[in-house]
Amino acid sequence: EEQKRLLKHRPDQPQNPKVLRIAIIGAPNAGKSTLSNQLLGRKVFPVSKKVHTTRCKARGVITQEDTQLIILDTPGLTNPLKAKRHNLERAMLTDPWDSMKHADLVLVLVDVSDHWTRNALSKEVLSCLSRFPHIPSVLVLNKVDILKKKFLLLEIVTDLTEGTVNGKKLEVKSAFKNDSSCSAKSPLQTTRASPPESRTPKSPCQQEMDQAREGSGLDNSSDVRGAKSSPVTEKAQGPKHYGPKELKDMKGWPHFQEIFMVAALHGEEVDTLKQYLLMQAKPGPWEFHSDVLTSQSPQEICDNIIREKVLEYLPLEVPYGVTQVTEMWEEGECGELLIVQNLLVPRKSHMRMLIGRGGAIISRIAQEAGQDLMNAFLCDVRLKLRVEVKD
């Protein structure tokens, strides 16, 4: 009831409000929801190793002093063939486009731990960027802590930016690509440098990246760690519009304004990205009350968290056919939340898999989902799950 009231309530506007609407796009399972949760400071978006965990358009809200960031957490960009395979709602093919229409800034998230996809943006992502070339875009390389050979980051950056960042050319010598001496153990620092007055001592990994930069022949004027953005000719003219034939031959996007390197799962460098986003906000009215954390209802958060666990514990395509029906949602005498939800599956074999031997699987799902719900709602939660075969 409180969430409904806050969503209907007029925002408590400060005297000079600023706002920034951020669309986070990328391939399925790149870590968009994980990054969103870290930026928000609470888990309100579902996270799973399986693709297409996020199946609806939801908004996260960060309010800090006079600035409001609105995060448009979108489903992974997919195509009709993959959508049919995973039994996805039709809205999942259009929601990312709808989010882009309302965005002031787009974050393109790439999983650098995936050696199959890390050196090229997907056709869906490139098509999305090309369709909205006027929206400023930022490249965010995620899971850099998993990448053992840090020198590969320069190669990845060059490929994903087509060798151009903020209108400046990057030059990487091929000789460096064979140097495997830059495998750092600690997480890589962000590519944005701190302002001179607040610069902190560099981490061992950052020092190795600096050495990598010097060894690569990366020009100082095109430093991917470059500090504040400066106006360039490209901004005045606007990014070039690319046709289907040109996009077919492109691996990356040459109009990114900045590059960030993060480890979203552990929160590494997420705060630096958050500070950058706060700095990009422009004067404008807030959309939400300052106490609002997400546009989702508590029931939607609950459904998403339970489905996240179902995705984790069921094999292959099985969990995508599960339907959730909430039977009870009540507040107990001591303020605890009592939830009973039915999980409907299409086959008896699926029911056996979901229940597990001696009810082990369904009990684990209920326990883990209940803990996540307590962290999300900040109250005790008693969750009971039942499994039935669909009529």
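This is a short dialogue on reading a predicted protein model.

Q: Let's start wide: how many helices and strands does the protein have?
A: There are 13 helices and twelve strands. Half-hidden is a fair picture too, as 50% of the 391 residues count as buried.

Q: What share of the contacts join residues at least 24 apart in sequence?
A: Take the contacts between residues at least 6 apart: 74% of them join residues at least 24 apart.

Q: How do I check the length of a helix, say α13?
A: Count 1.5 Å a residue and compare that with the distance between the end C-alpha atoms. Helix α13 runs over residues 360–377, so its 18 residues should span 26 Å, and the ends are 26 Å apart, which agrees.

Q: Which elements do the buried residues of α13 pack against?
A: They pack against α11 (298–313), β11 (337–345), α12 (348–355) and β12 (381–389). Among the buried residues are Ile 361, Ile 365, Leu 373 and Asp 372. Just after the helix comes Leu 378, with a positive phi near 60°.

Q: Now a single residue: is Thr 161 buried or exposed?
A: Buried means under 20% relative accessible area. Thr 161 has 0%, so Thr 161 is buried. You'll find this residue in helix α6 (residues 152–161).

Q: What lies 2.7 Å from a polar atom of the Thr 161 side chain?
A: That's the backbone oxygen of Val 157. Leaving aside neighbours within four places in sequence, Thr 161 is also in contact with several residues, including Leu 139, Leu 170, Trp 253 and Phe 256.

Technical notes: Residues are numbered from 1 along each chain as its sequence is written. This is a predicted model: local features need pLDDT of at least 70, side-chain atom pairs count only at pLDDT 80 or more; totals for chains, interfaces and linings use all residues. Side-chain values use heavy atoms; hydrogens and water are left out. Helices (H or I, at least four residues) and strands (E, at least two) are DSSP runs, numbered from the N terminus. Buried means under 20% relative accessible area, exposed over 50%, partly exposed in between (1.4 Å probe, protein chains only). Contact means heavy atoms within 4.5 Å. The expected span of a helix is 1.5 Å times one less than its number of residues. A polar contact is a pair of N or O atoms within 3.5 Å; within protein, one must be able to donate a hydrogen and the other to accept it, and residues adjacent in sequence count only if both atoms are side-chain atoms.
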